[in-house]
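Open your viewer and get ready to click along. We will go stop by stop, with a selection to make at each one.

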Amino acid sequence: MAGRLEGRSALVTGGASGIGAATTRTFAREGARVMIADVQDELGEQIAKELGDAVVYQHVDVRKEDDIAAAIDRADTEFGGLDTLFANAGIVGTYGPVDELKIEEWDFTFAVNLRGVVLCMKHAARVMKPRGRGSILSTSSIAGLQGGLGPHAYAAGKTALIGLTRNIAAELAPHGIRVNCIAPGNMATEMIAGMLLRDPSKVAEIEQGLAAGSPLPGRPGVAQDIANAALYLASDEAGYVSGHTLVVDAGFTSVHASGASGLFANSGPMFREAGQRGLPDDAVE
Ligand SMILES: NC(=O)c1ccc[n+]([C@@H]2O[C@H](COP(=O)([O-])OP(=O)(O)OC[C@H]3O[C@@H](n4cnc5c(N)ncnc54)[C@H](O)[C@@H]3O)[C@@H](O)[C@H]2O)c1
């Protein structure tokens, strides 16, 4: 059976780890040729080797426009056109109270999480426009949807990605290019293991911890959940979806903490006009 991305091509930034690595494996399994673009050369090369001829690695620091332009040109030439860009590379970046903000660390965080993404979009659009088709994806976060779910620079950059997605979708729609982003909840990846346990290899421990606190008890968020969302958005199944932020968080940001066990989960008579309960007599057959 043909894969969902048979004959397609993709470039995945941050493809050497976590969500990007899971997406690279998924896209390759579904028939796409994939370029991993990352700064972790050893890990990226290793995944490319493991997945065979369909996957190549290229060193790209998304803070550098020349690196991005060269990778996009290489993917466009070697793959005979670029179908999907997944601008996924990101860092936690600077954190701490706003009154202690170090602006050079803020700038570094933005250089990766926002400037790096828009530069990837710029060069992807450059090669996609003449072909009249393409799919551009990026990774926002639930920290871009609600306050207090990430450090300030991270949250501001991820919020901006949602607006950027809508705006660039508006511009590129006439060129047949769809632009979407994904807002993951807390996913067990090297990033979270590195941040919480100071050891990026402890993804299994993080997974256990997330399972315990998950809105879906016992079901942690994992990198594959986001890879599945990226696969959908990259595929023809999402051919009429653009400008959208796909939230993948088990309902964390859409369900109030009291929602499942609160007042409205208990059974009782229907409420109608003030103080009246149940169906009126004339509604009863
Ligand atoms: N894990 C989560 O809970 C979570 C939640 C919301 C959003 N996200 C976002 O998902 C994306 C992927 O995160 P992850 O959890 O897989 O983390 P990760 O650390 O496992 O992967 C991120 C990858 O980005 C690469 N990268 C970092 N700086 C780079 C640069 N300057 N140039 C090129 N590559 C660079 C890293 O080397 C790494 O391979 C990020 O944008 C992150 O903000 C993650």
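What follows is a walk through the sheet, the helix pairs and the ligand shell.

Before you start, note that this is a predicted model, in which local features need pLDDT of at least 70, side-chain atom pairs count only at pLDDT 80 or more, and totals for chains, interfaces and linings use all residues. Residues are numbered from 1 along each chain as its sequence is written.

**Stop 1: the sheet**

Show the cartoon and look for the open sheet, where seven parallel strands run in the order 3-2-1-4-5-6-9. Strands here are DSSP runs of E with at least two residues, helices are runs of H or I with at least four, and both are numbered from the N terminus. Two strands pair if DSSP finds at least two bridges between them. Select 55-59 and 245-248 to light up the edges, strand 3 and strand 9, each of which pairs on one side only. From one strand to the next, the twist averages 20°; such angles run from 0 to 180 degrees between N-to-C directions, and axes are lines fitted to C-alpha atoms, for helices over the stretch in contact.

Now select 84-87 and 134-139: strand 4 and strand 5 pair in the parallel sense over four bridges. Leu 85 is the residue to click here, as it stands opposite Ile 136 in strand 5.

**Stop 2: helix 4 and its partners**

Select 103-128 and 152-172. The axes of helix 4 and helix 5 come within 10 Å and cross at roughly 15°. That makes the two helices roughly parallel, a label for angles under 35 degrees, while over 145 is roughly antiparallel, 65 to 115 roughly perpendicular and the rest oblique. The crossing of helix 4 with helix 5 is right-handed, that is, the near helix is turned clockwise from the far one by less than a right angle. Show side chains for the contact, among them Trp 106, Phe 110 and Met 121 in helix 4, and Tyr 154, Leu 161 and Ile 168 in helix 5. Contact means C-beta atoms, placed from the backbone, within 7 Å. By class, the residues of this contact are 14 nonpolar, three polar and one charged. Ala, Val, Leu, Ile, Met, Phe, Trp, Tyr, Cys and Pro count as nonpolar, Asp, Glu, Lys and Arg as charged, and the others, Gly among them, as polar.

Add 65-78 next. Helix 3 packs on helix 4 at about 35°, with axes 9 Å apart. Glu 65, Ile 68, Ala 69, Ile 72 and Asp 76 in helix 3 meet Leu 119, Cys 120, His 123, Ala 124 and Val 127 in helix 4.

**Stop 3: helix 1 and helix 8**

Select 223-234 to bring up helix 8, whose axis comes within 8 Å of that of helix 1 and crosses it at roughly 50°. That makes helix 1 oblique to helix 8.

**Stop 4: the ligand**

Which residues come nearest to the ligand? Of the 28 around the ligand, they are Gly 14, Ser 17, Gly 18, Gly 90 and Met 191; a residue counts if its C-beta atom, placed from the backbone, lies within 6 Å. Select 18-29 and 190-196 to finish: helix 1 and helix 6 are the elements that give two or more residues to this shell. The shell has 12 nonpolar, 12 polar and four charged residues.

Conventions
Two residues are in contact if their C-beta atoms, placed from the backbone, lie within 7 Å.
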